[in-house]
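Thank you all for making the time this morning. I would like to walk you through one model, taking the contact between its parts before the details within each chain.

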Amino acid sequence: MHFESVNECGSALSEERIRHYEKDHMKDILVWAEQRDGRAAGVALEILKKALDLATSLEGQVSAVVIGKECRECAAELIAYGAGRVFAVEDPRLGLYQADACTKILCRLIGEIRPGIVLMGGTSVGADLAPAVAARLGTGLTAHCTDLHIEAVEGRDQLVMVVPGWRGSMMVKIVCPEKRPVMATIRPGVLERGRPDPSRKGEIVAVSPDIDEEDFRARTLERVLESEESALEQAKIIVSGGFGFYEAGGVDLLDQLARALGGVTAGSRPACDAGWIPESRMVGQSGRTVSPDLFISIGASGAPHYTTGFAKAKLIVAIDKNSKAPIFDIADFGIVGDLKEIIPALVEELKAKE
Amino acid sequence: MPLNILVCIKQVPDPEQFDRITLDPATGSINRAGIPPVTNPVDRHAIEEALRIREAFGGSVAVLTMGPPQARKCLEDALAMGADRGVLLCDMAFAGADTLATAAVLAAGIRSAGDFDLVLCGNESVDGATGQVPAQLAEALGWPRVTCTRKIEIAKEAGTAFVEREIEEGVLRVEVSLPAVIAVVKRINRYRLPTIFGILEAGKKEIAEVGCAACECAGLVAEAMGLAGSPTRVAGVFQSHRKRHVEMIGGESKDAARELIRRLREMDAL
């Protein structure tokens, strides 16, 4: 929440007392890998590639930490994706995300291995864990980074974290000049995943969880699966509705088109607020970030906080009734017209050639 | 045993008008002049949830915000919805805070405002949109937390709450001991609008101003507040360039649809 500081960014840094920078304090990177059902969350694998790139320029090491009931398979996967060392924290009580226990475990591990940078996936759970860990360590955390790189700021190399500001209408560069580790979260689908190399060698270090009853003040009792929501980030084709698609026939029409394309549906903030699309399938800055092969936006004007959620799609098609809508500025193909006619025509056309 | 609840809220520029925010490329400063301030949208759902819990169990609802003097307006709106009293954390020493320093000041303000069983927040603000403050506030208070919450059931006798927190593939059911910080998402409820009576009543309710000195009394050193207490810094702002070169496909709907599908097939996108 860079509240007033965004306003004052011009002067913020120059007013800051700059101490001597010791590069060694930044060189090693720890990646927290969320595990679900024994597998590493995809975002952790995406982050590993970026961590390897950063470590190369910092001449540091990349380690990962995974917390769960069983972590062996996950640890092997992390090594294949580039982690030189994986800290595996196994405990039968940690099959589901336990906020208190995970905070304690991660803080202790960071205190022991003292990485300069800690990177975490900004999943629902990661966005809960990262700020608590940063607060307990008294260090800086930057949310929803779209890029991380080393850049000279105020005369010394620093980790620059780029985040979308004001719902994506601006990009803001954040640094954490003094406190270590520098922490950042990155949303799923924002970074590109590397290639796994099963022949890669790495060390798996078993770490005792060292937790007791007090570490379950908030106790996760069970997980209730509700849908194929996690399919959104994996989807190759996404059909997304904005406020304007509803009058054209609503969710049914969107579903039909998605089915005909073999894709999944999503929506903008207004479409979700109106209850037409579940919030879990909201695309945009406060929702999901997706990078499918094909993204079709229907009846959305294209506010920056929406388009930032799919800016990295390979191909973007925009369909809207308003030819002046900003959505057409970020699309590869555009059609202006009556959605009530165009969507059924697309469905027909797709069916006809099958 | 009634429940004393405090709701943290924030005043933000109207998110519907974020498009009007401009950047001066020469100075790197942000211009948001003329954009009216509103209560952060999801915070209204947090206020609503607190009112509902008070209606079910008795107790009180306090609302608290950190911000400039004009942030009083969002407290007045919450009082008009039915909250009992307001706390305005307002001091130049609080300015320039990142999430860590914000959470530290909020915690000190909460301590100075009384004893609470539950602190509710909106899950994130639309302007900063980090979603980091609720968890960091819980840490500053030394309390447990649950974020992304879409349902709260208070089990008063047990001193706990059963909540549902959203995850990508469904929900986690969590039992959390009170006091706790719970951050809610919009779908938790539909919030009420202030009534005329509520607006009239709000004028009689107290809004306490809390500054740096009161936070120091609550145990927070001045170095932990505002810019001084913020580990992160803004190093620059730039306009995002995401333009692609669009190819418009015209003609009758049927023809346009056919042409689009043909092009997509040609590119192996289908």
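What you see here is a predicted model, and I will begin with the place where its two chains meet, a contact to which chain B gives 82 residues and chain A gives 93 residues. On the side of chain B that touches chain A, the element that gives the most is helix H7 of chain B, residues 253-266, with nine residues. If we sort that side of chain B by residue class, we find 41 nonpolar, 20 polar and 21 charged residues.

The chains also share strand pairing. Strand S13 of chain A, residues 218-225, runs antiparallel to strand S11 of chain B, residues 170-177, and seven bridges hold the pairing; if you would like one position to look at, A:Arg219 has B:Glu175 in S11(B) as its bridge partner.

Then there is an open sheet of six strands, paired in parallel, which reads S15(A)-S14(A)-S16(A)-S17(A)-S18(A)-S15(B). Which strands stand at the edges of this sheet? They are strand S15 of chain A, 264-267, and strand S15 of chain B, 247-248, and because each has a single partner strand, one side of each is left without a neighbour in the sheet.

Staying with the chain A end of that order, strand S14 of chain A, residues 237-241, is joined to S15(A) by four bridges, with the two running parallel, and A:Gly241 stands opposite A:Gly267 in S15(A). Across S14, S15 and strand S16 (294-298) of chain A lies helix H8 of chain A, residues 250-261, which runs at about 170 degrees to S14(A).

Let me turn to the domains of chain A, which is divided into domain 1, 3-216, and domain 2, 231-352. Taken over C-alpha atoms, the centres of these two domains are separated by 32 Å, and nine residues of domain 1 are in contact with nine residues of domain 2. The domain 1 side of that contact comprises three nonpolar, four polar and two charged residues.

Finally, a helix pair in chain B: the axes of helix H3, residues 99-113, and helix H4, residues 133-141, come within 8 Å and cross at roughly 50 degrees, which means that H3(B) is oblique to H4(B). The crossing is right-handed. Among the residues that meet there are B:Leu106 and B:Ile110 from H3(B), and B:Val133 and B:Leu137 from H4(B), and the contact as a whole has 10 nonpolar, three polar and no charged residues.

How values were computed:
Residues are numbered from 1 along each chain as its sequence is written. Chains are lettered from A and ligands numbered from 1 in the order in which they are written. This is a predicted model: local features need pLDDT of at least 70, side-chain atom pairs count only at pLDDT 80 or more; totals for chains, interfaces and linings use all residues. Domain bounds come from an automatic or database domain assignment. Two residues are in contact if their C-beta atoms, placed from the backbone, lie within 7 Å. Ala, Val, Leu, Ile, Met, Phe, Trp, Tyr, Cys and Pro count as nonpolar, Asp, Glu, Lys and Arg as charged, and the others, Gly among them, as polar. Axes are lines fitted to C-alpha atoms, for helices over the stretch in contact, and angles run from 0 to 180 degrees between N-to-C directions. Angles under 35 degrees count as roughly parallel, over 145 as roughly antiparallel, 65 to 115 as roughly perpendicular and the rest as oblique. A crossing is left-handed if the near helix is turned anticlockwise from the far one by less than a right angle, and right-handed if clockwise. Two strands pair if DSSP finds at least two bridges between them.
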